[in-house]
Amino acid sequence: MTTDDRPDAPRTEHAVVVSRELDVPPDVAWTAWSDPDLLRRWWGPTGFTCPRADVDVRVGGSTVVTMQAPDEWGGFRIHNRWSFRVVQPPERLAFVSTFVDEAGTALTPGEAGVPATVPVEVPHVVLLEPLPDGRTRLTLTETGYVDEETRAQSQAGQEQCIDKMQAIFAAPDGSGRDAPHL
């Protein structure tokens, strides 16, 4: 089973799928992935920060993000590299996420301090679909998980990240007019 009929569509068994409606048009929603300052505002689950976002959104490029736990959890840092395979602004991104150290050297999940059941490479597809009134439906699909417990943990984390993104773009009147138009 796949999320759509394209040959590069992600397989959906044990998949993380998060969908939200954003109060901005797709070209503005795209900036959540391409603008380092904006990316630092939403990457990481609730309570986590993103002190680093080195962004190069192009086919063959990569983004390195650092997620930092709150002090009460020890303040640990996890670094990810998103290696871009498809970049179609403002509608589609496909990338593979891997763990790296601060210098960018690849790590296994265990070396990165996460459960060894997390895949070494996690494919992602981000779709930004225009909606009426200048809004966007964002759908993020993450695949590669082999067990339900690990998939569920990632689902919870991605839900919180995308909730933070949605809040950035939320206008008090629901119009998106007060959202950052970068």
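Nine aromatic pairs turn up when the whole of this structure, a predicted model, is searched. One of them joins W43 and W82 in an edge-to-face arrangement, with 5.1 Å from centre to centre and 85 degrees between the planes. The two partners come from distant parts of the chain, 39 residues apart: W43 sits in the loop between α2 (36-42) and β2 (49-54), while W82 belongs to strand β4. On the side of the loop, W43 is buried, its relative accessible area being 9%. On the side of the strand, W82 is buried as well, at 2%. Both values fall under 20%, the limit for a buried residue, so each tryptophan of this pair is classed as buried.

The pair is also part of a wider group. W43 and W82 join W33, W42, F84 and F95 in one aromatic cluster.

Attention can now turn to the cysteines. The count of disulfides in the model is zero. For C50, the nearest cysteine sulfur is that of C161, and the separation is 9.1 Å. A disulfide calls for sulfur atoms within 2.5 Å, so C50 is left without one. C50 nevertheless counts as buried, with a relative accessibility of 5%. Seen from the other end, C161 likewise has the sulfur of C50 as its nearest cysteine sulfur, 9.1 Å away, and takes part in no disulfide. C161 is buried too, at 2% relative accessibility.

Finally, the open space in the model deserves a look. The largest pocket has a volume of about 650 Å³. Its lining is made up of 29 residues, and those nearest the centre of the pocket are M67, F99, V114, Q153 and S154. Several secondary-structure elements share in this lining: the strands β4 (77-88), β5 (92-100) and β7 (122-131), together with the helix α4 (148-169), supply at least two residues each. Among the contributors, α4 gives the most, with seven residues. Strand β4 thus appears twice in this account, as the element that carries W82 of the aromatic pair and as a supplier of residues to the pocket lining.

In chemical character, the lining of the largest pocket is mixed: 16 of its residues are nonpolar, 12 are polar and one is charged.

How values were computed: Residues numbered from 1 in each chain as written. Predicted model: local features only at pLDDT ≥ 70, side-chain atom pairs only at ≥ 80, totals over all residues. Heavy atoms only, no water. 1 Å grid on protein atoms, 1.4 Å probe; cavity = no way out; pocket = protein on both sides within 12 Å on 5 of 7 lines; lining within 4 Å. Points joined across faces, edges and corners; volume = space filled by probe spheres on them. Helix = DSSP H or I, 4+ residues; strand = E, 2+ residues; numbered from the N terminus. Nonpolar A, V, L, I, M, F, W, Y, C, P; charged D, E, K, R; others polar. Phe/Tyr/Trp six-rings, centres within 6.5 Å; stacked < 30°, edge-to-face > 60°. Buried < 20%, exposed > 50% of the residue type's maximum accessible area, 1.4 Å probe, protein only.
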